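Visitor: I've got the viewer open and a list of "how do you know" questions. Mind if we go through them together?

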Amino acid sequence: MPITFVPETQTFYLDTDNTSAIFRVYDQGYILTEYWGKRIHHADLTRLQKVYASGFSPNYPGAVDRSWSLDLIPTEYPVYGGGDYRSPAVQVQFPDGSRLLDFKYHSHRVLEGKPELPGLPHLDGADCTLELTLRDDYSGLEVVLSYSLFEKIDIIARSARICNKTGAPLKVTRALSASIDLPRADFDMIGLYGAHIRERQLDRTPLRHGIQSVESRRGASSHQHNPFAALVSRETTEFSGDAYGAALIYSGNFVISAEVDSFDTTRFQLGINPFDFSWKLEDGEEFVTPEAVMTYTDQGLNRMSQNFHNAFRHHLGHTRIRNKVRPIVINNWEATYFDFDEEKLFGIIDCCKGLGIDTFVLDDGWFGKRYNDVCSLGDWVVNKDKLPHGLDPIIERCEQNGMSFGLWFEPEMVSEDSDLYRAHPEWAIHKEGRPFCTGRCQLVLDLANPEVLEYLKKALSDVLANHRISYVKWDMNRHITDAYSSALPADRQPEIYHRYMLNLYALLDYLNKRFPDVAFEGCSGGGGRFDAGMLYYMPQTWTSDDSDAIERLKIQYGTSFAYPPQCMTAHISASPNHQMGRVTPYDTRARVAMSASFGYELNPLHLTDEEREEIKNQTARYKKIAPLVTEGDFYRLISPFDRNCCAWMFVSPDKRRAVAVYVQKLGVPAWPRNLVYLAGLNPDARYRIEEMDGEFYGDELMHAGIALPWMGDFQSASFTLEQID
């Protein structure tokens, strides 16, 4: 059994195939963290808990001796008020204004599998779950800590459930999903920062004393920071060294922090951002935190990423395409922007015939009076000036040319110049009587308002139920400001951000269940909401509005630290690129885009005959390697953040097939011998490499490498491997 409780020592042992987490009930019922790391025997680790008295670290009531203080010992779910001055995991305010808590062990139970998190996206298919109940005897408040184990992939999913059994309402002001105290401080912290069209750039910084954090206060997980972070040893590389990874299955305001105290203990925490947050919890109610996904490995960053990939590929969401090869999509946005009509779309669709493209997606501009970005969001009815016969002729034209039809929506937004806003200005997030911000000339609909949720269910269902739509691109092109909901009373205004997320998840859950054959793709100005919460409902996300292949090297490389490549949408776009003005070879654009969910962002009417042949070859090749992208293990070989090139590869689970890609950024004259070392192969097997017309041992390719020819600016190479029996 991966979860063991030893009554004699009051110790919990949580074991996956390669890791152990150990904690126990200590003096007075406090839960003391003893270990999280490489799997070890079920030893008694009390010998490690050497605590030395420190001035100004107060003793809790009844402490075994003066050296014991909550400020000094590692605890599983720290609180405010009992002498621990470090960041708490939970804070509440009682009716009398008291904010003091003293959580101690009350009970526990071990469950087969894993309960669902009501109203929140979460992993499923766990082997077993420990539910550990802590109680504040002075108030009756309880918190249930949940630990779900996924043995084979070394994942522990954690969440907390705050249960009000006090007999009166209270206010939750901080509710994190997980907290862990690690007895060392010699870590680097890795996070993913960025901006619109420059998402998920890699940031690796040594920890210092004090608090370092990544967080969002924007109402979305954001382009600026991602709800993922890792603590790694200073010497950790892609394939060796300690790595503690954490990701939050949540799409709203979050925080992930590492606090190093005066004694070189690191407190690693993640959950809902407590900034501008509180939640009124009535007696008898519960508050459930989002789920934290945590992993440890001593085999480096790549194994950490593979653990996350396996969790999100196989245990996140129930959509029909979760583990399926994605359709090859062409989107009309960069081909036409807002400037299209029925005849222009017919021409584009007809021009796709024979190219091997599966789905045509009609982007922004098909609804209301939408000729630019200043009007009509919220009015989800067909623009009859552009499309006088509606969507059906467009859909029929797609089907005549062997393609399915997809459609763009931006459901969470509203334009001031729209029928919806004129009818319901109170449905927009802002405070009446105060000036308010706009972004992209639009406002955010107040999804904390149940009336807005019901409107969107009906408006979107009316379109999807009455047309043969197989694919939806779901966009969100601004973040929340002026956070005020006309639907919430004064004492619940700080609930707006989380209520927004809960109702967004309810909307997506409703649409997924009502339209199970529709594939949903997430988007927020590209990758502004690329998180596991959205991937639960939309198993792929438009990775960035920057479709330039060379910029995508960093964006896709950084994204892969937590998220599987099959979840990234990547398109070949026109050259010169619309964002960068860069001219990049078709081969390079294809190789970068084929390492994700593949498609096109260009106007096929502008293709030469030679380019059409290239696209036919590209789509045929992608359909050949797509199972590797979908099912294979991903290996990062060369970082574009460290070198003037980038390389990666996919290896099938049985190690019989692989594909590797190398991209040169800028050419270098008089370049010395350039080698790329493969990974993940069977060292004793022989592989045929299609592009080299030769046979090679796996260990030879991994340790001696492949010699590359000199390459100029933005050139690339790929290698397709097949094991020889």
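Guide: Sure, and let's begin with a term: a contact here means heavy atoms within 4.5 Å. Keep in mind that this is a predicted model.

Visitor: Okay, which residues does Leu32 touch by that rule, leaving out those up to four places away in sequence?

Guide: Phe23, Arg24, Tyr26, Gln49, Trp68, Ile73 and Pro74 have heavy atoms within the cut-off of Leu32, so they count as touching. Leu32 itself is found in strand β4.

Visitor: And what makes Leu32 buried or exposed?

Guide: Buried means under 20% relative accessible area. Leu32 has 0%, so it is buried. For a sense of scale, the C-alpha atoms of Leu32 and Pro576 are separated by 59 Å, with their positions 544 residues apart along the chain.

Visitor: Why is the sheet around β4 called open, and which strands stand at the edges?

Guide: The strand order is β1-β2-β3-β4, with antiparallel pairing. β1 (3-6) and β4 (31-38) each have a single partner strand, so one side of each lacks a neighbour in the sheet. From one strand to the next, the twist averages 15°.

Visitor: How do you know that β1 and β2 pair?

Guide: The cut-off is at least two bridges between the strands. β1 and β2 (residues 11-15) have 4 bridges in the antiparallel sense, so they qualify as a pair. Ile3 stands opposite Leu14 in β2. The two strands form a hairpin with 4 residues between them, and Gln10 in that turn has a positive phi of about 55°.

Visitor: Let's do cysteines. How many disulfides are there?

Guide: The count is 0. A disulfide needs two cysteine sulfur atoms within 2.5 Å. For Cys352, the closest cysteine sulfur is in Cys351 at 6.6 Å, so that is too far for a bond. Cys645 is in no disulfide either, as the nearest cysteine sulfur, in Cys646, is 7.5 Å away.

Visitor: Are those two cysteines buried or exposed?

Guide: Against the under 20% cut-off, Cys352 has 2% relative accessibility, so it counts as buried. Cys645 has 4%, so it is buried as well.

Visitor: Cys645 is in β32, right? What makes that strand mostly covered?

Guide: In β32 (residues 645-651), 7 of its 7 residues are buried. Both faces are covered: one side has Cys645, Ala647, Met649 and Val651, and the other has Cys646, Trp648 and Phe650.

Visitor: Which strands pair with β32?

Guide: β31 (residues 633-638) is joined to β32 by 5 bridges, and β33 (residues 657-664) by 7. Set those against the minimum of two bridges, and both count as pairs. Each pairing is antiparallel. Phe634 has Phe650 as its bridge partner in β32, while Cys645 is matched with Gln664 in β33.

Visitor: What connects them along the chain?

Guide: β31 and β32 form a hairpin with 6 residues between them. The hairpin of β32 and β33 has 5 residues between the strands, and Lys655 in its turn shows a positive phi of about 65°.

Visitor: Last one: which residues of helix α4 are buried, and what covers them?

Guide: In α4 (residues 392-400), Pro393, Ile394, Ile395 and Cys398 are buried. Their cover includes α3 (342-351), β22 (359-362) and β23 (404-409). Just after α4, Gly402 takes a positive phi of about 80°.

Key:
Residues numbered from 1 in each chain as written. Predicted model: local features only at pLDDT ≥ 70, side-chain atom pairs only at ≥ 80, totals over all residues. Heavy atoms only, no water. Axes fitted to C-alpha atoms, helices over the stretch in contact; angles between N-to-C directions. Buried < 20%, exposed > 50% of the residue type's maximum accessible area, 1.4 Å probe, protein only.
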